[in-house]
Amino acid sequence: GEYPLRLVLETPTGEVTTALRPTPGALAAARTLQLASCLTVLRAPGRLHTVLQVTRGADDRARRTWRLRHLREDVTHALRLRPLWRQRLVRALTGVAFRSPVWLLGERRDTAQDNSAVLFEHLRTHRPDIRAYYLLDRSSPHYARLKALGRVLPHSGLRHRLLMLHAAVLVNSYDINAYMLPRGWDKALYLQHLAWRIGSRRVFLQHGVTYNDVSSALRKSVTGVDLLTATSELEATAMRSTLGYRQEVAVTGFPRYDRLIRGPVGRRVLIMPTWRSYLVKPSYREEGDVPTGFANSPYAAFWRTLLSDPGLLDLLDRTGTTLELFGHYEIVDVLRDLAPEHPRVVVSHHGTRSVQ
């Protein structure tokens, strides 16, 4: 049956009970699990309460009964036109075509130059037995290069939407829900009504070494990933002590570290500024106003002063050195306006310059 999960407090005046709300991380990680001799799955019929669905037995017969029960639920869900009913129905009708596991990899919708892209290239070259696909906008400057490897899917296209319903593994260097869901899929509704039916394993490869407290964005109750990578034991210890993860943290290093390219010989200084979320609208946030205070911010004033410093520009000329400004993805479009017109100062963009 289904058992509501509640918190019960024994007080001097009696019991106080409240329903447990589902966290995004719990819903993201929800899938059928075998506990002892039972099959269970965490469900959220409403946004304010959670239930544990349980069936006795875990043999083949019990599993067939379990699957049929959920198929009936899919049909009922569709007949009642509940959220994402089309996706639930399509998944039920196409399940027989996906007997072998499907892996979906991606980064931001328009990039393929970080850990996910390097891992995808490795899988296509050395592990063709894995059905791995990469999600990327057709308009991306990286599309043609990656397309040569095969199994590159246009983001939000028909095949992406279909494979997303059957993905055994989701791999991303950034936010899985923000960048891997097809356009038009509401993230909250996906977690509530669809994620538990698909049961994808979720892998967060990271895109940089953690140096500060990121628990508000990456803690287990928010992200609900099955594996996240670290570059050292020190970083792994910090992540385990602040994010709520334990065995899920693996010290592997980053795939892109194995694919670094030795550049041409020459005098070059690379400056890669990070960004400030309160000065620009993050790409993972579809709603909300665009901040307008960047041009007059202390952040912009600092970079404008540094890049236009007469002593720096004179030094570049005298030594024949090029200063290359390669801003963070979230801020590169506004950062270019801060650099002076100077032959020794070059502003690069992620679309035309490889991070590697």
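Here is a short walk through this predicted model, from the whole chain down to one arginine.

**Stop 1: the whole protein.** Show everything as a cartoon. You have 15 helices and 16 strands on screen, and the C-alpha atoms fill a box of roughly 80 × 60 × 40 Å along the principal axes. Now switch on the surface: the protein exposes about 19600 Å², with carbon and sulfur atoms supplying 56% of that. Of the 356 residues, 43% count as buried. Among contacts with a separation of 6 or more, 62% are between residues 24 or more positions apart.

**Stop 2: a three-stranded sheet.** Select 268–271, 322–326 and 345–348, which are β14, β15 and β16. Together they make an open sheet in the order β14-β15-β16, with parallel pairing. β14 and β16 stand at the edges with a single partner strand each, so each has one side without a neighbour in the sheet. Neighbouring strands here are turned by 20 degrees against each other on average, ignoring direction.

Zoom in on β14 and β15, which run parallel and are joined by four bridges. To pick out a residue pair, click Val269, then its bridge partner in β15, Leu323.

**Stop 3: Arg91.** Move to helix α3, residues 85–94, and show the side chain of Arg91. What is the nearest side chain of opposite charge to Arg91? That would be Asp74, 5.1 Å away. A salt bridge here needs a nitrogen-to-oxygen distance within 4 Å, and Arg91 has no salt bridge, although it is buried. Finish by selecting Leu165, His166, Arg197 and Ile198: Arg91 touches these four, leaving aside residues up to four places away in sequence.

Conventions: Residues are numbered from 1 along each chain as its sequence is written. This is a predicted model: local features need pLDDT of at least 70, side-chain atom pairs count only at pLDDT 80 or more; totals for chains, interfaces and linings use all residues. Side-chain values use heavy atoms; hydrogens and water are left out. Two strands pair if DSSP finds at least two bridges between them. Helices (H or I, at least four residues) and strands (E, at least two) are DSSP runs, numbered from the N terminus. Axes are lines fitted to C-alpha atoms, for helices over the stretch in contact, and angles run from 0 to 180 degrees between N-to-C directions. Buried means under 20% relative accessible area, exposed over 50%, partly exposed in between (1.4 Å probe, protein chains only). Lys and Arg count as positive and Asp and Glu as negative; His and the chain ends are not counted. Contact means heavy atoms within 4.5 Å. Accessible areas come from the Shrake-Rupley method with a 1.4 Å probe; for residues, only the protein chains shown count as cover.
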